[in-house]
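Please work through the exercises below with the sequence and the model open side by side. Each one sets a task and then solves it step by step.

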Amino acid sequence: MIDLSVNIGGLRLKNPVMPASGTFAEELTHLLDFNSLGALVTKTITSEKRTGNPMPRVCELADGMMNAIGIPSKGADLFIEKVVPFYRDFDSPLIVSISAPSAQGFADLAARLSDVPGVAGIEANISCPNLEAHGESFGMHADTTRQVVKLMRASTSLPLWVKLTPNAGDIVDIALSAQDEGADAVVVGNTLLGLSIDIEKGRARLGNFMGGISGAMIKPLMVRLTYQCAQSLQIPVIGCGGISTADDALEFIYAGASAVQVGTATFIHPKTMNLMVNELEVFCRRKGISRLSSLIGILDDSLAAAFGALP
Amino acid sequence: MTGISSCCQAIAITPPNDTLAVVLSNEWVNDEYKRLVLQADGAACHSQPGQFFNLLCPSEGEHKPFFRRPMSTYKADPVTGQVEFLYKVTGKGTFGLETLVERQTLEILGPLGKGFNLDPNWQHMTIVARGVGLATLAPLAEAAHALGIKLTAVLSARSEKSLLSRERFASLGAEVISVLDEDGSSSLENIETLLRKVIADQGSNALFTCGSKRLTRLLKRLSSELDLAGQVALEQQMVCGLGMCQCCVDVFEVDGLKVGKRVCLEGPVFDLAEVLE
């Protein structure tokens, strides 16, 4: 029997595979066994209702996609009343992704969710590139990240994950500030801000002009950021970005991720995550490994360190 | 609110599955359209009229679609386990579909969405179809026939030879009226005159269309004025087809309020009364 479980800041997951926020919903139950997932991560909710961005909200790229959905949300009331009860039927922990226009707003929503039975943890989406102009978000800077996490930590005792952005100049610095203020884990990370242009029309392909790139094309970048964060942090790193197979997931795990999130791949193949869990088990068996967690961070970087390619 | 909005026939909706379908044939039906016939047992062949599939179209040369492509069910038969699509080769996705040959496979996710809603008490219904919108509306031929509802199909096309599915409607006893660009009979004014006559003569209870904004506006106006039920199947760019990604949200008017609905999940079929002009 192979043990696929991992520990994320005190929360034990039966395996390291979970959905990325915004790519998962109740409708997937027809296609995916939720109880076979490590955790269930909701689309980002906000306290108030939000309508989202103008159309078109997505466009396809050579090996990925761009989105500027803009967090349409039915508001916290409806979410707590309708959505959370649905997920209570499953035994995988429910992680609620949240956003707010202010640090205090993050803290207030986190406090509110802490009293809701069935909510196992909170993921702070401080990194959506589609809310403010030019991808600005709390997660772009260490000081604003610090403010959000500090107030959230004071307002909830639930496991607190902070989703970082690859658009920041120094993600490690920002990750450290989240850790300092009491985050239980960081997710590396959200989509990469891009601009895709229709040259016939001379216009951006997305209604919101810029948008977040996801899919296989961003994977090497996200593996690198995962590695750099894992090297510097004591808290777990959850890897995310272009993962569609167990091999992809293992790259992140070797780089130091304790778990992984799968997003865009689910849009194309809704059963991806269930298959990935099976493939991880097959991989462990083939390698004669009894505990998958023993693979976390085993990337051999000794040679690179020896000739000074590492910081 | 006008017409019959939320009724009617209780249809058992089959939850979607991702089915590896096998190509039985993929032939041209005229110089623009191809018909793809698949063996797709299980959930897929239970698709209801107006429902759709998200197709994993094969890559062909430089055409490499990253997303799946949503496509209306042209026909689905639970007895034979066959599912059919009617499509025009226009872009990355359909370029790949065009290349499929017998015995190749294709992943089809579905049936998806909410289809047409028929009231067994109706005496007569009228559909107005043009272009690829016809693929979506054609399954209403069998559905109306099964419920004993008389049907008039107004089929609009460029020319006589680009008319599709006339025989499918006619063989099930539907009255077929063709209107053409080449003789001017497909003008909006003429279609309106024609529809008013059909509705009056036949006592039509419901109007259906798909695809064309002009026809949708016309049918919305007529159904409101004459107090008829009316439904339209909408087209929208989609990614997941399951309601997760929120990219296909359109604005509708419900009880005087503007609300966003996902075309893939709350649709693709909507009441004409709630569609904005």
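**Exercise 1: a sheet in chain B**

Strand E2 (residues 33-39) and strand E6 (residues 82-88) of chain B are paired in the antiparallel sense over 7 bridges, where strands (E, at least two residues) and helices (H or I, at least four) are DSSP runs numbered from the N terminus, and two strands pair if DSSP finds at least two bridges between them. This is a predicted model, in which local features need pLDDT of at least 70 and side-chain atom pairs count only at pLDDT 80 or more, while totals for chains, interfaces and linings use all residues. Residues are numbered from 1 along each chain as its sequence is written, chains are lettered from A and ligands numbered from 1 in the order in which they are written, and side-chain values use heavy atoms, with hydrogens and water left out.

Task: find the bridge partner of B:Leu38 in E6(B), and then place the two strands in their sheet.

Solution. Step 1: B:Leu38 has B:Val83 as its bridge partner. Step 2: the open sheet of chain B is formed by 7 strands in the order E4-E3-E7-E1-E2-E6-E5, with antiparallel pairing. Step 3: its edge strands are E4 and strand E5 (75-77), each of which pairs on one side only. Step 4: from one strand to the next, the twist averages 35°, the axes being lines fitted to C-alpha atoms (for helices over the stretch in contact) and the angles running from 0 to 180 degrees between N-to-C directions.

**Exercise 2: a sheet in chain A**

Task: state which strands stand at the edges of the open sheet E5-E6-E14-E11 of chain A, and why one side of each is left without a neighbour in the sheet.

Solution. Step 1: this sheet has 4 strands, and the pairing is antiparallel. Step 2: strand E5 (58-61) and strand E11 (192-194) of chain A are at the edges, and because each has a single partner strand, one side of each is left without a neighbour in the sheet. Step 3: E5(A) is joined by 4 bridges to strand E6 (residues 64-67) of chain A, and A:Val58 stands opposite A:Asn67 in E6(A).

**Exercise 3: the setting of B:Arg68**

Task: decide whether B:Arg68 is buried or exposed, and describe the polar contacts of its side chain.

Solution. Step 1: B:Arg68 is found in the loop between strand E3 (52-55) and strand E4 (69-72) of chain B. Step 2: its relative accessible area is 1%, so B:Arg68 is buried (under 20% relative accessible area, with exposed over 50% and partly exposed in between; 1.4 Å probe, protein chains only). Step 3: its side chain makes a polar contact with the side chain of B:Glu107 at 3.4 Å, and a polar atom of that arginine side chain lies 2.6 Å from the backbone oxygen of A:Ile268. A polar contact is a pair of N or O atoms within 3.5 Å; within protein, one must be able to donate a hydrogen and the other to accept it, and residues adjacent in sequence count only if both atoms are side-chain atoms.

**Exercise 4: cysteines**

Task: establish how many disulfides the whole structure holds, and examine B:Cys247.

Solution. Step 1: the search finds 0 disulfides over all chains, a disulfide being a pair of cysteine sulfur atoms within 2.5 Å. Step 2: for B:Cys247, the nearest cysteine sulfur is that of B:Cys245, 3.7 Å away. Step 3: B:Cys247 is buried, with a relative accessible area of 1%.
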